[in-house]
Amino acid sequence: MLGVIGIIISLGLLMYLAYRGISVLILAPVLALLALLFQGGQTHLLATYTEVFMVNFAAYAKQYFPIFILGAIFGKVMDDSGAAKAIAHAISKKLGKSKAILSVVLSCAILTYGGVSLFVVAFAVYPIAAALFREADIPKRLIPGSIALGAFTFTMTALPGTPQIQNAIPMPFFGTTAYAAPVIGIIGGSIMFGLGMLWLQRRAKQALAAGEGYGNHPDELIKEFDLSKLPKFYLAITPIIIVLVGNYLLGRFVFATMDGAFLKDFGTTLAKVQGIWSLIASLVIAIVASVIIFWKNFENITTTVNKGAIGSLLAIANTASEVGYGNVIKTLAAFSIIQAGILAIPGTPLISLAASTTILAGITGSASGGLSIALGSLGEIYMAKAQALGISPQVFHRIAAMACGGLDSLPHNGAVITLLGITGMTHKQSYIDIGMCTVVIPLIATAVSIVFAAMGVV
């Protein structure tokens, strides 16, 4: 029992101290070893750190670093070339100021679904969102919720084919591709988008009835951009189409049909790597195409690529640290009690998978971190359950991905804090809308999707 208490204390401190601004790079190993001390008996702190924490840290980096670095470079290329702003501007111009909220949500959605990182999207869309909301006299406090709905929800975890890391993590565990369980993903994504828009529009109408406008924000510092220098929309959208179409075609017709017998020499199988390979190849092609198409738009392409590459390091290191933490916890004797409790949740195993994933995402404040810990600890068990019960592994992939996007964005989440910083808002002003769009509604969507999955929908 003392061991379980130790795990709970460790997890609680991880959540609290991360919210207080201490880096996960420091917290993860220290708090993992703290949990170890509660287990009683002989403890080997240094051996656990080097042979469990760091081994799993390295394994995660080895598996997903190509996606992190390529995604970051692609996002930076789209940002510095003006392509991201061109897409957002074209959508807002087409829909007009009366559809300001929809314009922001769709702009963010198209960019994230095309592989641009969440943080780049927030930076790129915010100036346009501010101009739209100011013109439509919609309170600025609704901008973070609008960006979050478009970037942190249905295009991050639900829609089939999204190249975001949350959709890539389940692939090697279940032998799936980014297009796993497309119908379930579309159902869940539609619920997130539909209910999120209803919430934001209702909030805007309430503000209008109360006479609240955009508000006075004297400290608002928004860098103006020259519209004449932005790429044409059809050119700006081309790299995103390349990512989506390339990912599908490579996964379906190239890597899936190749002879993977040689992979036995590398200790893996084609099913485990084809999804990752498709995503890597499509991002590389999209980056090269972007550089060629937007060559004249870059001040210095070397600087752009370098900044993107360097920017990926903190993201992969943070998530890998959380994975190392989770794998230390997994080795503790007390974890077997927690694991038994999770697996004993009645009903379809999809419920316990979703519960464990979203709880761990909430504790770590990271969708990818919580998902990695959950699948690293229980992935093989759920794959065995899928085979035994005749449930498609694709469904497990999609439900796990969707579930990680629920409790992950509690107030201590890094993306939430960054988004509020970019927009100049506070938790008090804007978190209720962020929380509704990225926590409550995604949990509802995941629950509904589980019901459809239990009915045999894939």
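## Around Gly150

Two residues are in contact here when their heavy atoms come within 4.5 Å of each other. This is a predicted model, and by that yardstick Gly150 touches Val105, Cys108, Ala109, Thr112 and Thr155, leaving aside residues up to four places away in sequence.

Gly150 sits in helix α7, which covers residues 143–151. Is Gly150 buried or exposed? With a relative accessibility of 0%, Gly150 counts as buried, because the cut-off for buried is under 20%. There's also a long-range pairing to look at: Gly150 and Thr438 are 288 residues apart in the sequence, while their C-alpha atoms are 9.7 Å apart in space.

## Salt bridges at Asp79, Asp80 and their partners

Side chains of opposite charge can pair when their charged atoms come close. How many salt bridges does the structure hold? The count is 4.

One of them joins Lys76 to Asp80, with 3.5 Å between the closest N and O atoms. Both residues belong to helix α3 (residues 45–80), and since they're 4 residues apart there, about one helical turn separates them. Lys76 counts as partly exposed at 21% relative accessibility, and Asp80 is partly exposed as well, with a relative accessible area of 31%.

Right beside Asp80 in the numbering, Asp79 has a salt bridge too: its side chain meets that of Lys85, at 3.9 Å from N to O. What about cover for this pair? Asp79 and Lys85 are both buried.

## A bridge between two loops

Arg141 forms a salt bridge with Glu212, and the closest N and O atoms are 2.8 Å apart. Where do the two partners lie? Arg141 is in the loop between α6 (118–136) and α7, and Glu212 is in the loop between α11 (182–209) and α12 (233–254), so this pair ties together parts that are 71 residues apart in sequence.

The two ends fall into separate accessibility classes. Arg141, at 19% relative accessibility, counts as buried, because buried means under 20%. Glu212 has a relative accessible area of 32% and is partly exposed.

## A nonpolar patch

Now for the surface. Which residues make the nonpolar surface patch of about 510 Å²? The patch is made by Ile241, Val245, Tyr248, Leu249, Phe253 and Val254. One of these patch residues, Phe253, lies in helix α12, and that helix spans 233–254.

Definitions and conventions
Residues are numbered from 1 along each chain as its sequence is written. This is a predicted model: local features need pLDDT of at least 70, side-chain atom pairs count only at pLDDT 80 or more; totals for chains, interfaces and linings use all residues. Side-chain values use heavy atoms; hydrogens and water are left out. Buried means under 20% relative accessible area, exposed over 50%, partly exposed in between (1.4 Å probe, protein chains only). Patches are made of residues with over 30% relative accessible area and no salt bridge: like charges are joined within 9 Å, nonpolar side chains (Val, Leu, Ile, Met, Phe, Trp, Tyr) within 5 Å. Accessible areas come from the Shrake-Rupley method with a 1.4 Å probe; for residues, only the protein chains shown count as cover.
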